[in-house]
Amino acid sequence: MSGPSEPTDDVAFEYMVLSRHHYLSPHGARPHENALERSAYILLSRIRVQGPMSIGELSDAFGLDASTLNRQTAAMGRAGLVERIPDPEGGLARKFRITEEGDRRLDEDRAARAHALGLVMEDWPTEDIEAFAAFLRRFNTGIERLDGRPWPRP
């Protein structure tokens with residue numbers, strides 16, 4: 001039996017429903033044939049905005065342990081998405097930089113996701129899409145504030 005709810009109850013419910021949609025693709029719920037793994041998409045996005053990053057910097061940014069990140073970056077390296085380089089600032093730790101292939105694949109995935117979102121919101125007025133983006137940004141920055149891990153935005 002359901003009683004009166006707080007507005008945050010509605011947000012919690014819709015957030016749960018949203019979280020089941022792992023990937024947006026123009027072909028429905030399945031990713032396109034050459035789609036990046038979710039972790040690769042997120043890591044590449046962060047490295048693109050922030051520049052080359054070490055395992056320690058990635059660990060701080062995502063709150064993940066080094067072994068998880070070592071597995072993920074190793075897979076990305078085997079796929080030709082990132083390369084290890086000496087620290088451009090002269091530090092001891094090697095850093096991961098996006099390759100041309102990584103840039104290309106990230107752009108391809110972003111375009112596919114934007115296209116899929118365009119299909120979802122095709123009947124929305126531009127003002128609603130802009131407002132929704134602003135609310136999502138505000139929601140994300142609130143989470144980042146509480147988590148202590150802000151995401152750099154271009």
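1. Helices here are DSSP runs of H or I with at least four residues, and they are numbered from the N terminus. With that convention, helix H1 gives the nonpolar surface patch its largest share, namely 3 residues. The model under discussion is a predicted one, and each of the points below should be read with that in mind.

2. On the overall architecture, the protein chain holds 6 helices and 2 strands, and from the N terminus on these elements follow one another in the order α-α-α-α-β-β-α-α. The chain has 154 residues, of which 27% count as buried. Its exposed area comes to about 10,700 Å², with carbon and sulfur atoms supplying 56% of that area. Among the contacts with a separation of 6 or more, 55% are accounted for by residues 24 or more positions apart.

3. The nonpolar patch consists of Val11, Tyr15, Leu18, Phe139 and Ile143, which lie on the surface and together have about 470 Å² of accessible area. Two helices contribute to the patch with at least two residues each, namely H1 and helix H6, the latter covering 126–147. Leu18 is one of the patch residues, and its place is in helix H1.

4. A second surface patch carries negative charge, and Glu6, Asp9, Asp10 and Glu14 are gathered in it. Glu14 belongs to helix H1, which spans residues 7–19. Helix H1 therefore holds Glu14 of the charged patch by its DSSP assignment, while it also supplies residues to the nonpolar patch.

5. Turning to the interior, Leu81 deserves a closer look. This residue sits in the loop that runs between helix H4 (66–78) and strand E1 (82–85), and its relative accessibility is 4%, so Leu81 counts as buried. Once residues up to four places away in sequence are set aside, Leu81 touches Leu36, Ala40, Leu44, Met76, Arg97, Ile98, Thr99, Glu101, Gly102 and Arg105. For Gly102, one of these partners, the C-alpha to C-alpha distance from Leu81 is 3.8 Å, although 21 residues separate the two in sequence.

6. The structure holds 9 salt bridges. One of them joins Asp107 to Arg48, with 2.9 Å between the closest N and O atoms. Because Asp107 lies in helix H5 (residues 100–120) and Arg48 in helix H2 (residues 38–50), this pair ties together parts that are 59 residues apart in sequence. Both partners count as partly exposed, Asp107 at 42% relative accessibility and Arg48 at 30%. The pair also belongs to a network of salt bridges that links Arg48, Asp103 and Asp107.

7. A further salt bridge brings together the side chains of Glu101 and Arg104, at 2.8 Å from N to O. These two residues are 3 positions apart in helix H5, and so they are separated by about one helical turn. Glu101 is partly exposed at 30% relative accessibility, and Arg104 is likewise partly exposed, its relative accessible area being 38%. Glu101 is also among the residues that Leu81 touches.

8. Lys95 and Asp87 form another salt bridge, in which the closest N and O atoms are 3.7 Å apart. Is this pair buried or exposed? Both Lys95 and Asp87 are buried. A reviewer may wish to bear in mind that the cut-off for a salt bridge is 4 Å, and that the 3.7 Å distance between Lys95 and Asp87 is to be read against that limit.

9. Helix H2 also contains Ser45, which has a relative accessibility of 6% and therefore counts as buried. Apart from neighbours within four places in sequence, the contacts of Ser45 are with Leu106, Arg110 and Trp151. Helix H2 thus appears in this note twice, with Ser45 and with the salt-bridge partner Arg48.

10. The last residue to comment on is Trp124, which is found in the loop between H5 and H6. Its relative accessibility is 33%, and Trp124 therefore counts as partly exposed. When neighbours within four places in sequence are left aside, Trp124 is in contact with Ile129 and Phe132.

Note on methods: Residues numbered from 1 in each chain as written. Predicted model: local features only at pLDDT ≥ 70, side-chain atom pairs only at ≥ 80, totals over all residues. Heavy atoms only, no water. Buried < 20%, exposed > 50% of the residue type's maximum accessible area, 1.4 Å probe, protein only. Contact = heavy atoms within 4.5 Å. Patch = residues over 30% accessible without salt bridge, like charges linked within 9 Å, V, L, I, M, F, W, Y side chains within 5 Å. Areas by Shrake-Rupley, 256 points an atom, 1.4 Å probe, with all protein chains shown as cover. Lys, Arg positive; Asp, Glu negative; His and termini not counted. Charge placed at Lys NZ, Arg CZ, Asp CG, Glu CD.
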